[in-house]
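This report describes the internal features of one protein model for readers at the bench. The sequence and structure are shown first, and the description follows.

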Amino acid sequence: MACSSVVPKFMVRRRPAVLVVPAAPTPRELKRLSVFDEQDCMRVQISNLHFYRRNESMDGKDPAQVIRDALAKALVPYYPFAGRLREQDGWKLVVDCTGEDVLFVEADADVGLKHFGDPLVPPFPCVEELIFDVPGSSAILNSPLLLFQVTRLTCGGFILAVRVNHTMADAQGATQFLGAVAELARGALAPFPPPVWKRELLDGRNQQQPALVHDKLDEVPGSDTDHTKGSSVMLLLDNPALRLSFFFGPREIDAIRAQLLPHLQKRATKFDTIAGWIWKFRTMALAPYSNEVMMLVVVVNARGRNTATVGGIPVGYYRNAFAVPVAMSTAGELSMNPLSYAVELVRKAKNQVDIEYMRSTADLIVLRRGQSPPITAGMFSLSDTTRAKFDDLDFGWGKQVYGGPAEAVGVPSIPWLTSFLLASKNANGEDGIVVPMCLPGPAMDRLVEEMSKLLRLTTDDVTQLHQPHVLPAMK
């Protein structure tokens, strides 16, 4: 199939998809999913891309064959991935561990790694050619739970694309599984850590009383109706959108930290700092009504967060184990207050997450029967994929050049809703974090201008930014 985008026209030649089965017999059983796995928002396919350069020490070895053989071995300890998803009792999900197969596609492209840009950041051209949707394979129920595609490049490098049924794993869990494949590809006898199922750790307790954790969306006036109606944000988001990526290296992060109160300069993480800046200035760029409710949904991996007590999330747990606490403010407060206000709200939302928070959230999911909360016009979600450790995935060719989401946005149909923090390098080879954004043209122009201002800050400017202020464009 020929493809042309921001790169020169190129051709991808695919062989027919093959079925990879576990390399040894596996148990035949039904495994229940947790309530986190069963939510409506989890019943989607998620795709990642991993780009690798040529490695002279691996010349003569075919990455497709190496990864396919290792995949078959990894499906023995991770045998649920070779099964099929079934539905019971209306919305409950189980994995029928049939030991059937996963899909594997082998392909060649007539371009090299350099044709995909430098640095490598989404959106990538012709993603549908790099991770081919095998007809009939994308259903959530009764279909293969994994799809791999290895596309060899003319430079000797290759691209590994992986599509995972989200009910089976989150980003951290998928990376753990891919890490197992990588270890086995390099000659390990067994992956470490061994996989842990234990879905009951994050199951609802079927309490009839209200859950301890409540969803902040319940606080939004009119959240039980279509909250997009009458929204100035929604009116703007309906316009044609632009996609740009913003790079945050040491210089940019230092410039943001310089605006924070002293205690936040010490305690705020890179995520807190970047997320707070983006949330504030994205809001100001959209110029909503001052009383409009703006929400930042923070995707937090619950592994290792105050879970060392009995019943915590063990090492090796590869299911969905993340929470989505919400930082919330009116647009006026977010814009008028200094940047520390937004960063502190992000920190408070994120730091709520511990094992009790997760269990109480599970109770709430049960009360909702797995349904996800509504999407509102003022909502924006950020996920830190740098925590998933994609960089550690070495199949024998060394560390990847890029590893992360295949798309620049989480939900193509509503591209303004979700973005990611991605590990990247700038044109000077400096390590940093890149954040792809999707906004209407006028709002994107304003956000670009704010980024330019960030790098021009002087000491006097920082002093002024600690004082409340209003952007003239606010309504």
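## Cysteines, confidence and internal space

A search of the whole structure finds zero disulfides. The model is a predicted one. Two cysteines may be described individually. C41 is partly exposed, at 38% relative accessibility, and C155 is likewise partly exposed, with a relative accessible area of 35%.

The average pLDDT of the protein is 84, and 83% of the residues score at least 70. Over residues 220–229 the pLDDT falls below 50, although this stretch has 13 contacts in the model beyond near neighbours in sequence. Residues 458–475 also have a pLDDT below 50, with 34 contacts in the model beyond near neighbours in sequence. Where pLDDT is low, the predicted coordinates should not be read in detail.

In overall terms, the secondary structure comes to 13 helices and 18 strands. Of the 475 residues in the protein, 56% are buried. Among contacts with a separation of 6 or more, 81% are between residues 24 or more positions apart.

The structure holds two cavities of 30 Å³ or more. The table sets out their volumes and lining residues.

| Cavity | Volume | Lining residues |
|---|---|---|
| Largest | about 50 Å³ | I46, S47, N48, V162, V164, A171, A174 and L178 |
| Second largest | about 30 Å³ | F246, F248, W277, I278, M437 and L447 |

For the largest cavity, the elements that give two or more residues to the lining are β5 (45–52), β10 (158–165) and α4 (171–185). Its lining residues divide into six nonpolar, two polar and no charged. For the second largest cavity, β11 and α8 (270–286) are the elements that give two or more residues to the lining. Here the lining consists of six nonpolar residues, with no polar and no charged ones.

F248, one of the residues lining the second largest cavity, is placed in strand β11 (residues 241–248). With a relative accessibility of 1%, F248 counts as buried because that value is under 20%. Leaving aside residues up to four places away in sequence, F248 touches I253, I256, I274, W277, I278, G432, I433, V435 and M451. Two of these partners, W277 and I278, also appear in the lining of the second largest cavity. In addition, the C-alpha atom of F248 is separated by 9.6 Å from that of L421, a residue 173 positions away along the chain.

Several backbone features lie in loops. The peptide bond from F192 to P193 is cis, with omega near 0 degrees, and P193 is in the loop between α4 and α5 (232–237). K198 is also placed in the loop between α4 and α5. Its phi is near 40 degrees, a positive value in a residue other than glycine. K198 has a relative accessible area of 44% and is therefore partly exposed, since the range for that class runs between 20% and 50%.

A287 is not a glycine either, yet it has a positive phi of about 50 degrees. The residue lies in the loop between α8 and β12 (293–301). Is A287 buried or exposed? At 5% relative accessibility, A287 counts as buried.

Definitions and conventions:
Residues numbered from 1 in each chain as written. Predicted model: local features only at pLDDT ≥ 70, side-chain atom pairs only at ≥ 80, totals over all residues. Heavy atoms only, no water. Disulfide = S-S within 2.5 Å. Buried < 20%, exposed > 50% of the residue type's maximum accessible area, 1.4 Å probe, protein only. pLDDT = per-residue confidence, 0-100. Contact = heavy atoms within 4.5 Å. Helix = DSSP H or I, 4+ residues; strand = E, 2+ residues; numbered from the N terminus. 1 Å grid on protein atoms, 1.4 Å probe; cavity = no way out; pocket = protein on both sides within 12 Å on 5 of 7 lines; lining within 4 Å. Points joined across faces, edges and corners; volume = space filled by probe spheres on them. Nonpolar A, V, L, I, M, F, W, Y, C, P; charged D, E, K, R; others polar.
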